[in-house]
Amino acid sequence: MNVTRGFTGRPRVHLPGLPPGQYDAGDDWPVLSAEVTPDLAPADWTFRIDGLVAEPRSWDWDEAHGLPASVYEGDIHCVTSWSKFGVRFGGVSLDAFLDVVRPDASATHAVAYSHSGYTTNLPLADLTGGRAWIAWEYGGRPLPAEHGGPARLLVPHLYFWKSAKWIAGLRLLDHDEPGFWEQNGYHARGNPWEEQRYSGD
Amino acid sequence: MPGRIAVSDRAAALWQTATLTEIRRETPAVATFRFAVPGWAGHLPGQHLMLRLTAGDGYTAQRHYSLASPPDDAGHIELTLDHVEGGEVSGWFHTEARPGDEVEVRGPLSGFFAWPGDRPALLIGAGSGVVPLMAMLRHHRSRGLDVPLRLLVSARGPEELIYAAEYGAETTAVFTRRAPEGVPVGRLSAAQVAPLLAERPPGGWEAYVCGSNAFAEHASRLLVTAGQPVDRIRIERFG
């Protein structure tokens with residue numbers, strides 16, 4: 001252990017929900033997109049799932065809102081080391097979308113892509129079983145554009161760069177295909193509890 | 001949007017000891033910290049690193065910081081840090097750190113915001129957002145590059161302008177609260193951005209924007225409005 005002379009850290013209580021190397025951002029919610037925030041109205045938003053599925057399809061805003069509502073209440077973790085406790089997102093479980101398109105047995109991974117051109121890759125197992133959402137509300141209000149509104153992917157058990165803002169679709173694949181940050185040196189999966197920050201972690 | 005540069009996974013994965021060798025005051029709230037990192041793999045202007053401090057009880061705090069120094073500063077790197085109110089890591093740097101102290105760093109990280117000096121660069125920064133842009137400007141100068149480079153830098157007042165003595169004809173400073181005699185006070189506007197886009201060098205600008213989220217939103221909208229292609233605007237924001 002390389003102790004830093006004179007460094008004690010801020011006064012702290014043990015936070016059981018805080019993964020290693022993270023700090024509690026409190027009320028802050030930093031914005032870390034690398035691109036220009038797109039000007040995207042709900043009426044222009046669409047979400048598509050294709051690739052290795054029985055029935056590829058797209059949903060518009062109203063069609064997506066016709067699926068059963070689902071809420072995530074819990075924590076989120078950003079690779080830049082802030083975490084945010086007790087957030088509440090509203091939207092639809094990704095399972096509800098996947099049930100419609102019926103993934104092939106050969107589908108193992110997905111590339112999520114945004115209306116802005118951003119991409120990120122995920123194992124399909126991280127998107128199913130009630131662990132991923134298409135979210136359009138935050139704290140009971142419409143999701144702000146800078147945080148991915150009108151709708152973003154939400155995969156809260158992974159670092160937040162996986163929760164693609166301005167989500168446009170998922171393409172299901174039988175192999176892993178690195179996305180935007182993954183091609184820029186970030187980890188393929190990004191599990192905060194294992195500190196999978198960068199390729200090689 | 002493609003990344004600019006392929007990065008070394010090996011360098012990014014490895015924590016290295018960095019020894020503080022010098023502290024230079026830039027403004028009342030900002031200082032530059034120079035480190036010796038003998039095994040540093042080199043970096044490109046615009047890249048950042050992760051820095052880790054460890055307390056006696058094993059508690060660690062880590063933060064991402066942009067590199068301020070150009071790549072040719074062999075075996076050394078520089079970070080320019082704001083003294084953030086209540087900042088756990090910046091607070092240690094500004095009140096406790098002294099030459100000889102050791103911290104840990106890993107990097108360089110991410111090729112997205114990197115600028116190797118190959119394309120005309122239009123740089124827009126506010127506050128400490130100018131730090132990665134200064135690495136680009138220093139690189140441009142030290143290599144004697146002739147590819148066009150312009151810098152728009154916003155500060156609240158002249159006393160808060162980081163690296164004030166280093167700017168030359170490539171730079172326009174914008175002051176939002178207090179300005180020297182004869183210089184207008186006001187937010188970065190189309191009046192500063194449009195002429196630079198009108199200059200349009202062969203191949204067009206690669207735009208790099210760095211600052212608070214509010215500034216990044218404002219500056220990127222000015223760029224889009226002035227005709228800069230969205231996919232040639234790279235943004236680094238801090239909360």
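# Notebook: salt bridges, strands and rings

**Entry 1. A contact between chains.** I began with the side chains of A:Arg10 and B:Glu88, which meet in a salt bridge with an N to O distance of 3.7 Å. A:Arg10 lies in the segment before strand E1 (23–24) of chain A and B:Glu88 sits in helix H2 (residues 88–95) of chain B, so the pair joins two chains. I note here that the model is predicted. I then looked up the accessibility of both partners. A:Arg10 is partly exposed at 31% relative accessibility, whereas B:Glu88 is buried at 6%.

**Entry 2. Other salt bridges.** How many salt bridges does the structure hold over all chains? The search returned 31. I wrote down a few of them.

In chain A, I found A:Asp50 and A:Arg171 joined by their side chains, 3.2 Å from N to O. A:Asp50 belongs to strand E2 of chain A and A:Arg171 to strand E11 of chain A, and the two residues are 121 apart, so I logged the pair as a link between distant parts of the chain. A:Asp50 has a relative accessible area of 11%; the cut-off for buried is under 20%, so A:Asp50 counts as buried. A:Arg171, at 38%, is partly exposed.

In chain B, I looked at B:Arg156 and B:Glu160, whose closest N and O atoms are 2.9 Å apart in a salt bridge. B:Arg156 has a relative accessible area of 41% and is partly exposed. B:Glu160 is also partly exposed, at 28%.

I also recorded a network of salt bridges in chain B, which links B:Glu22, B:Arg24, B:Arg34, B:Asp73 and B:Glu78.

**Entry 3. Strand E2 of chain A.** I followed this strand because it carries A:Asp50 of the salt bridge with A:Arg171. Which strands does E2(A) pair with, and in which sense? E2 (residues 46–51) runs antiparallel to strand E3 (residues 57–60) of chain A, with four bridges between them. A hairpin of five residues connects E2(A) to E3(A). Within this pairing, A:Arg48 has A:Ser58 as its bridge partner. With strand E11 (residues 167–173) of chain A, E2(A) pairs in the parallel sense, again over four bridges. There I noted A:Leu170 in E11(A) as the bridge partner of A:Ile49.

**Entry 4. Aromatic rings.** I ran the ring search over the whole structure, and it gave 24 aromatic pairs over all chains. Why is the pair A:Phe47 and A:Phe97 classed as edge-to-face? The ring centres are 5.0 Å apart and the planes stand at 80°, and planes over 60 degrees apart count as edge-to-face. A:Phe47 is in strand E2 of chain A and A:Phe97 in helix H2 (residues 94–101) of chain A, 50 residues apart. Both A:Phe47 and A:Phe97 are buried.

A:Phe97 appears again with A:Trp59: the centres lie 4.8 Å apart and the planes at 90°, so this pair is edge-to-face. I placed A:Trp59 in strand E3 of chain A, 38 residues from A:Phe97 in helix H2 of chain A. A:Trp59 is buried at 2% relative accessibility, and A:Phe97 is buried at 0%.

I logged one aromatic cluster with members from chains A and B: A:Tyr118, A:Tyr159, A:Trp161, A:Phe180, A:Trp181, A:Tyr186, A:Tyr198 and B:Phe112.

**Entry 5. The sheet of chain B.** I traced an open sheet of five strands with parallel pairing, in the order E9-E8-E7-E10-E11. Which strands form its edges? They are E9 (171–175) and E11 (233–238) of chain B, each pairing on one side only. From one strand to the next the twist averages 10°. I checked one pairing in detail: E7 (residues 121–126) and E10 (residues 206–212) of chain B run parallel, joined by five bridges. B:Ala121 stands opposite B:Glu206 in E10(B).

Two helices were looked up against this sheet. H3(B) lies across E7, E8 (149–155), E9, E10 and E11 of chain B and runs at about 145° to E8(B). H4 (residues 190–199) of chain B touches E7, E8 and E9, and its direction makes about 175° with that of E8(B).

**Entry 6. Helix H3 of chain B.** I then took H3(B) by itself. H3 (residues 131–142) has 12 residues and reaches 16 Å from its first C-alpha to its last, close to the 16 Å expected. Is the helix mostly covered or mostly exposed? It is mostly covered, with 10 of its 12 residues buried. Among the buried residues are B:Val131, B:Met134, B:Leu137 and B:Arg138. Just after H3(B), I noted B:Gly144 with a positive phi of about 60°.

Technical notes: Residues numbered from 1 in each chain as written. Chains lettered and ligands numbered in written order. Predicted model: local features only at pLDDT ≥ 70, side-chain atom pairs only at ≥ 80, totals over all residues. Heavy atoms only, no water. Expected span 1.5 Å × (residues − 1). Buried < 20%, exposed > 50% of the residue type's maximum accessible area, 1.4 Å probe, protein only. Pairing = 2+ DSSP bridges. Salt bridge = Lys/Arg side-chain N within 4 Å of Asp/Glu carboxyl O. Axes fitted to C-alpha atoms, helices over the stretch in contact; angles between N-to-C directions. Contact = heavy atoms within 4.5 Å. Phe/Tyr/Trp six-rings, centres within 6.5 Å; stacked < 30°, edge-to-face > 60°.
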